[in-house]
Amino acid sequence: MSEIEVFRPEPRAPRGFQDRRAADLALERDILAKVSRVYELFGFEALDTSAFEYADALGKFLPDSERPNEGVFALQDDDEQWMALRYDLTAPLARFAAQHAGLLTKPFRRYAYGPVWRNEKPGPGRFREFIQCDADTVGSARPEADAEIIALAVAGLEAAGLPKTAAVLKINNRKLLNGLLKRIGVDHDGQKLAVLRAVDKLDRLGVEGVKLLLGAGRRDESGAFTKGAELNANGIDAVLAYLGAGATGRSATLAKLADVVGGSEEGEAGLRDLDRIGTALTGLGVDEARAFFDPSVVRGLEYYTGAVFEAELVGEVRDAHGDLVRFGSIGGGGRYDDLVARFTGEVTPATGFSFGVSRLAAALKASGSATLPKVRGPVVVIAFSEADMGHYFTVAAELRQAGIPAEVYLGGSGMKAQMKYADRRLSPAVVLLGGDEIAAGTVTIKDLDLGRALSEGVESNEAWRAARPGQATVPRAELVAFVKRILEG
RNA sequence: GCCGCCUUAGCUCAGUUGGUUAGAGCGCCAGAUUGUGGCUCUGGAGGUCCUCAGUUCGAACCUGAGAGGUGGUACCA
């Protein structure tokens, strides 16, 4: 007989994809349930759209024939049309709103959550598939719509379990910087973009770093050189003055900003928007310490047209090794008035907020606001003998009928291993229905939690076994009631 | 994308100037204990030393290329 080489695939999830087990899922589902409830309280309705979109609907990351998968996962349908997995929930919403423009009652307020995919290099905490949760208002140009989104974001994060003091929402308006840039004579897009990128790095590089990036450029510790925006000295001073306008209260910040960006038409418009957002937030009861104006908030996305906001974790977070973890923002959003018009040609103002669900879960864990829930196993019915399997299943059915998770051990191991199995699964109890019990019309139930507690005081295995901690034999008819009592503690 | 560092058992890691059969702790399985989870003791399974090529009598160790991971940087819808 000849040896045939059998191909054995290596069992592994693709790079940047991950499996999630019960404990993680429980935490994420809990977050989604609580956030959904809050979003519905604000009058947002649920919407689910397809994972795939036609590539042209996703916007600027159009797959072209040479590099169809740049940034997105794309494939060509049998009618030759390019489809791509959505990379966020905003572009599909814009498509949906455009498609049903005539039928939607506006403003249309919807929330959505689900997986999104990005075909890019994964890193720690950065996956190619992750769950996003969005809430958006389509069809309202009022700054108050932005304010409501901000209030909803604050309420949602708190409902998810982030304590009031753990996160802040930083608010800004694109119009401020646009006005300022126009005034100092920056008009070509490349330079504008470079300024936005520089401003965005204030928290990481500090004023000095930003100053370099606004000017000639900056060389980092590794020696790599980043080209700057090449503003002149006046321009740099103006942008730094703008960045310096961050203050504690909302109205104080506005007053300072007015000094810097006032005088330009767009800047004035941005100030008016922010003022109205501030008024609405105060009315909504959103504390100035939790949602404030921060001129350094940019959000890289080019499609934002007005207000932008970012939710950030406050305080430092350390990992298991005690190393500082840079968490970045846990969510963000803003106003995008041109996205729907891409389809319809009609201006349809929209604003929204989104966050990554597992990232929020990680933030909750890191900030000590939540721990992974312990996933309890079912009540395990020990399988003693082949002949009595029917009895075991009757027990399992009775327990399930009473709403108690239960299973008959279906492995091939002996009793000791079955006890171990129940212990590992963190089962609350084990049901022993051996020949003795069946003959006597009784059932033995072992409270594993009680046993876990009692085991601390016992040293020898003999004593431990002789004591049969937490174990009781009761009439068969009392099985369900007895197990219930154990579960209730 | 660019720069640095790393890759040895399921996990965390040790491994002498390049020298026979590559180790530890934890975890896993079994026994001590024929119907009892913890503790303890005893035993066992588990390795293409990331891959390929080269140098060498001889490579986990040296050289080169590649892959994966990681930190920084760039980009980020």
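**Exercise 1. In this predicted model, is Y409 buried or exposed, and what about Y421?**

Step 1: Take the cut-offs: buried is under 20% relative accessible area, exposed is over 50%, and partly exposed lies in between.
Step 2: Y409 has a relative accessibility of 9%, so Y409 counts as buried.
Step 3: Y421 comes in at 27%, so Y421 is partly exposed.

**Exercise 2. Work out how the rings of F353 and F355 are arranged.**

Step 1: A pair of aromatic rings is described by the distance of the centres and the angle of the planes.
Step 2: Rings pair if their centres lie within 6.5 Å; planes under 30 degrees apart are stacked, over 60 edge-to-face, and the rest tilted.
Step 3: The model has 7 aromatic pairs by this rule.
Step 4: For F353 and F355, the centres are 6.4 Å apart and the planes meet at 40°, so this pair is tilted. Both F353 and F355 are buried.
Step 5: Now try Y409 and Y421: with 5.2 Å centre to centre and 75° between the planes, they make an edge-to-face pair. Y409 sits in the loop between β17 and α13, while Y421 belongs to helix α13, 12 residues apart.

**Exercise 3. Find which strands sit at the edges of the open sheet of 8 strands.**

Step 1: Write down the strand order, β1-β5-β6-β15-β14-β11-β7-β10, and note that the pairing is mixed.
Step 2: Look for strands that pair on one side only: these are β1 (45-46) and β10 (291-293).
Step 3: Zoom in on β6 and β15, which pair in the antiparallel sense over 7 bridges. Here Q132 stands opposite G356 in β15.
Step 4: Add a helix: α9 (residues 265-284) packs on the sheet and touches β7, β10 and β11, with its direction at about 150° to that of β7.
Step 5: Add helix α11 (residues 357-366), which lies across β6, β11, β14 and β15 and runs at about 55° to β15.

**Exercise 4. Which residues touch the most other members of the largest nonpolar core?**

Step 1: Nonpolar side chains tend to be buried together in soluble globular proteins.
Step 2: The largest core here holds 74 residues, and the winners are Y39 and I330. Helix α3 (residues 143-160) supplies the largest share of this core, 9 residues.
Step 3: Follow the contacts of I330: among them are L157, L162, A311, L313, F355 and L360.
Step 4: Don't stop there! A second, separate core has 21 residues, including L433, I445, V483 and I486.

Notes: Residues are numbered from 1 along each chain as its sequence is written. Chains are lettered from A and ligands numbered from 1 in the order in which they are written. This is a predicted model: local features need pLDDT of at least 70, side-chain atom pairs count only at pLDDT 80 or more; totals for chains, interfaces and linings use all residues. Side-chain values use heavy atoms; hydrogens and water are left out. A nonpolar core is a set of buried Ala, Val, Leu, Ile, Met, Phe, Trp, Tyr and Cys residues joined through side-chain atoms within 4.5 Å. Buried means under 20% relative accessible area, exposed over 50%, partly exposed in between (1.4 Å probe, protein chains only). Helices (H or I, at least four residues) and strands (E, at least two) are DSSP runs, numbered from the N terminus. Contact means heavy atoms within 4.5 Å. Two strands pair if DSSP finds at least two bridges between them. Axes are lines fitted to C-alpha atoms, for helices over the stretch in contact, and angles run from 0 to 180 degrees between N-to-C directions. Rings of Phe, Tyr and Trp (its six-membered ring) pair if their centres lie within 6.5 Å; planes under 30 degrees apart count as stacked, over 60 as edge-to-face and the rest as tilted. Lists of a residue's contacts leave out its neighbours within four places in sequence.
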